[in-house]
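User: Could you take one part of this model, look at it closely and connect what you find to the rest?

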Amino acid sequence: MTAGGETGAGPRRYDGRVASPGFAAGPLFRIERSSAPTRQAATLAPEAERARLEAALEQARADLALLVAETSGEASGILAFQLALAEDDTLTDPALSATSTGQSAEAAWQAAVGVLIADYQSASDEYFRARAGDLRDLEGRVLDALAGGAAHIDLPDRAIVVAKDLAPSVFLGLDWSGRGIALEAGSPTSHVAMLARARNVPLLIGLGPVVAEAGEMALIDGASGALIIAPDDLTERRFRTRQAEAEAIRESTAALALKPAITADGERVEVHLNIADPTELESLDPATCDGIGLVRTELLFHGRKGLPGENEQAAVYARILRWAKGRPVTIRTLDAGGDKPIPGLTIDDELNPFLGLRGIRLMLARPDVFRAQLRALLRAAPEGDLKIMIPMVGVPEEMVRVRTMIAEVRAALSSTGTPHGTAAIGMMVEVPAAALTLDQFDTDFVSIGSNDLVQYTLAASRDADLGAALSDAANPAVLHLIETVVRTGRERGIPVSLCGDAAGDALVLPKLLATGLRTISVAAPRVAEAKRVIAAYRTAANAKPRSGLAQRLGRVLGLSDGRRG
């Protein structure tokens with residue numbers, strides 16, 4: 001097989017990164033979304049060009065508002081972010097004003113949004129660069145409206161879609177059943193990657209320029225991260241074998257979802273859920289999990305004008321607690337800042353937002369916003385077993401201030417006769433300093449945020465170019481910190497869990513279990529697989545060589561048996 005995408009007599013292989021696992025095979029179909037304006041110079045009077053752009057912006061807003069209403073969960077939040085951008089005068093006013101200089105509506109719009117795209121693309125953090133894709137999506141939507149409407153895309157059955165990148169709205173407008181995506185660029189933190197994972201659509205990124213003709217047979221190997229074009233018979237037979245083995249494992253794994261997670265040694269491991277929106281719970285059975293280990297409250301604050309009120313927040317939190325039916329629910333207080341800016345709340349143009357005012361630092365600096373959230377949480381507490389988790393704690397004094405503020409809020413609720421309850425107060429360990437000095441913190445429980453812990457330990461963002469080698473939760477330094485936290489928690493009688501992406505990684509999870517960790521929290525689609533990995537795990541002392549079949553299946557999915565070494 002020709003490697004690296006070079007053309008040759010045999011199959012052509014392009015190696016990238018797996019953003020959403022899975023296998024897919026079918027005819028190649030390329031999607032190109034040109035953002036080039038059809039006219040640079042205006043052919044109409046400035047007033048007419050301005051009117052055209054105003055109408056296109058209004059059409060884009062209306063379309064986005066409709067899509068927001070028709071979607072839920074993460075998809076709704078993504079579209080709401082674009083809608084907020086389309087309604088932002090700091091973006092639209094320069095474009096509208098530029099039409100008075102003789103530019104066409106298309107050129108004026110593209111120039112204005114291009115400035116913002118360039119700012120995002122030049123950011124040092126991958127998350128911000130990934131958000132440039134949302135801006136390009138909005139740019140294309142307005143240009144489509146100026147051109148009279150977006151062209152309809154009719155995907156062939158079982159198509160393998162190849163594109164430089166893919167806009168979230170394009171993804172949401174297509175049926176991906178039996179299909180896959182191969183992107184020449186892309187990011188694992190992009191919204192398309194998040195959506196693909198949520199819908200189990202195989203997605204490869206970072207393939208580089210793909211040279212192929214429409215209709216050529218293509219294979220997506222989500223285990224090795226390869227796109228194979230024009231496979232020969234032997235290559236396709238091997239692919240089908242790997243695909244069948246992976247499917248057999250998935251089918252057997254699905255049956256584990258409703259069962260407790262127990263290691264091969266007989267140890268119980270608690271598996272909780274990570275969620276960002278209560279609508280994610282609508283199709284889930286609470287029996288699949290031991291509770292909710294992380295509720296990200298940021299979605300309530302994104303894509304809207306103004307911050308959510310106390311009553312609105314309390315209703316959402318109560319709804320989540322009722323769904324859990326008595327199982328513990330850990331709700332993280334607002335973790336804004338860093339890679340999660342919120343207009344009107346976070347600081348614009350912070351020199352280094354990841355080392356600046358974010359998480360609990362920001363909330364302590366904005367006590368009005370923090371108190372409203374704490375009041376809402378305590379008001380919802382009688383609906384279930386609530387645990388309040390504080391993000392980005394770095395020094396013991398922060399937890400002291402938090403506990404003081406919660407006590408004050410509870411006293412204020414009592415003084416007015418407002419019904420409320422109590423909650424355990426815990427902290428996230430994302431900062432190495434907190435991991436190393438956990439014995440000094442006043443906390444009822446601990447949850448390790450592996451994403452930020454990796455970033456801060458290795459001084460490396462989750463960057464598409466840099467991150468493969470450095471942004472690794474299995475790095476010995478990171479595992480040492482996790483083991484330190486687990487040991488300290490055991491010595492102090494404080495429950496310790498892990499809620500970062502590492503817990504949902506089949507390669508990393510056995511290494512986390514080897515640190516002594518016995519409570520994890522993962523995205524809902526990863527629960528069954530996590531339980532399967534746990535069921536196969538043995539401690540080093542009890543580990544036995546795997547059978548030839550087990551080893552072969554492990555290689556298919558890139559899984560470890562959990563032994564140290």
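Analyst: The largest cavity (on a 1 Å grid over the protein atoms alone, a set of points where a 1.4 Å probe fits but cannot get out, its lining having an atom within 4 Å of a point) is lined by Ala503, Gly504, Asp505, Ala506, Leu509, Arg526, Glu529, Ala530 and Val533. This is a predicted model, in which local features need pLDDT of at least 70 and side-chain atom pairs pLDDT 80 or more, whereas totals for chains, interfaces and linings use all residues. Residues are numbered from 1 along each chain as its sequence is written, and side-chain values use heavy atoms, without hydrogens and water.

Helix 18 (residues 527-536; a DSSP run of H or I, at least four residues) gives the largest share of this lining, three residues. By character, the lining of the largest cavity divides into five nonpolar residues, one polar residue (Gly counts as polar) and three charged residues. The space inside comes to about 30 Å³, as filled by probe spheres set on the points, and a search of the whole structure finds one cavity of 30 Å³ or more.

Elsewhere in the model, eight strands (DSSP runs of E, at least two residues) form an open sheet of mixed pairing, in the order 1-8-7-3-4-5-6-2, where pairing requires at least two bridges. Strand 1 (12-15) and strand 2 (17-20) stand at the edges with a single partner strand each, so one side of each is left without a neighbour in the sheet. Within the sheet, strand 7 (residues 217-221) and strand 8 (residues 226-229) pair in the antiparallel sense over four bridges, and Ile220 stands opposite Leu227 in strand 8.

Notes. 1 Å grid on protein atoms, 1.4 Å probe; cavity = no way out; pocket = protein on both sides within 12 Å on 5 of 7 lines; lining within 4 Å.
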